[in-house]
Amino acid sequence: MLNKLRNFSKSKLAIVLVAIIIVPFVFWGMGSVFSGGNKNTLVEINNTNISVQDFIEHINKSRINTNDIKNNLDKNIIEEILSQIISLKILEMEINEVDVSISDQTLSKIIKSDNKFYDDNKKFSRIKYEKFLIENNISAVELEKKIKESKL
């Protein structure tokens, strides 16, 4: 049985058959091996990646109009947005490294000292606070997170 296999492997038909199997496998089946690394990463900072998805989320959070981006491509707006993301990521990494945080008591003082939540008697009004959250379609957790990020 092995002799028949050996003899067949030396024939021209076997070479053609193997070529028919190997060539498509190399070009289409292993394409990802030859194409390189992760193309979804825009920037890598100390083994921390900033992906295309992070870039898009930053644009959406910033509420930058896509028409403004299209109209200002020649003014390097993409580079400016990317440098903002890089700066924020580096700042975030430094905050985590130094282990800086804001306590709940400090966050409460920050919110209570905001004039837009004061009533006519110049005191904090929980009703005005809740009304602000409803009008801006934001939860208290989201607002607190934004305040923490901006203060850090």
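Buried means under 20% relative accessible area, exposed over 50%, and partly exposed covers what lies in between. With those words in hand, here are some close-up views of this predicted model.

**View 1. Helix α4 has a buried side and an exposed side.**
Helix α4 spans residues 52-62, and within this helix F55, H58 and I59 are buried. Seen down the axis of α4, these buried residues fall within an arc of 100°, so they line one face of the helix. Turned away from that buried side is a face carrying the exposed residues N60 and K61. The general rule behind such a pattern is that an α-helix has 3.6 residues a turn, so residues three or four places apart point the same way. Just after α4, look for R63, which takes a positive phi of about 55°.

**View 2. The buried residues of α4 meet several neighbours.**
Which elements do the buried residues of α4 pack against? They pack against the strands β1 (41-45) and β2 (48-51), and against the helices α5 (66-71) and α6 (77-98). H58 makes a good stopping point in helix α4. With a relative accessible area of 13%, H58 falls under the 20% limit and therefore counts as buried. Leaving aside residues up to four places away in sequence, H58 touches I81, Q84, I85 and L88.

**View 3. Strands β1 and β2 form an antiparallel hairpin.**
Four bridges join β1 to β2, and the two strands run antiparallel. I45 stands opposite T48, a residue of β2. Two residues lie between the strands of this hairpin, where N46 takes a positive phi near 45°. Strand β2 also holds S51, a buried residue with a relative accessible area of 14%. Not counting residues up to four places away in sequence, S51 touches N40, T41 and L42.

**View 4. A nonpolar patch lies on the surface.**
Six names to find here are F8, L13, L17, V18, I21 and I22, which together make a nonpolar surface patch of about 560 Å². Which helix gives the most to this patch? Helix α2 (residues 12-29) does, with five residues. F8 is found in helix α1, which covers residues 2-9. The relative accessible area of F8 is 37%, so this residue is partly exposed.

**View 5. Two salt bridges turn up in a search of the whole structure.**
In one of them, the side chains of K116 and D114 meet at 3.5 Å, N to O. K116 counts as partly exposed at 46% relative accessibility, and D114 is also partly exposed, at 26%. In another, the side chains of R126 and E130 meet at 2.9 Å, N to O. R126 and E130 are four residues apart in helix α8 (residues 126-135), which means that about one helical turn separates them. R126 is exposed, with a relative accessible area of 53%, whereas E130 is partly exposed, at 30%.

**View 6. E92 sits in helix α6.**
At 41% relative accessibility, E92 counts as partly exposed. How far apart are E92 and Q53 in sequence and in space? They are 39 residues apart in sequence and 18 Å apart in space, C-alpha to C-alpha.

How values were computed
Residues are numbered from 1 along each chain as its sequence is written. This is a predicted model: local features need pLDDT of at least 70, side-chain atom pairs count only at pLDDT 80 or more; totals for chains, interfaces and linings use all residues. Side-chain values use heavy atoms; hydrogens and water are left out. Patches are made of residues with over 30% relative accessible area and no salt bridge: like charges are joined within 9 Å, nonpolar side chains (Val, Leu, Ile, Met, Phe, Trp, Tyr) within 5 Å. Accessible areas come from the Shrake-Rupley method with a 1.4 Å probe; for residues, only the protein chains shown count as cover. A salt bridge is a side-chain nitrogen of Lys or Arg within 4 Å of a carboxyl oxygen of Asp or Glu. Buried means under 20% relative accessible area, exposed over 50%, partly exposed in between (1.4 Å probe, protein chains only). The arc is that of the directions from the helix axis to the C-beta atoms. Contact means heavy atoms within 4.5 Å. Two strands pair if DSSP finds at least two bridges between them.
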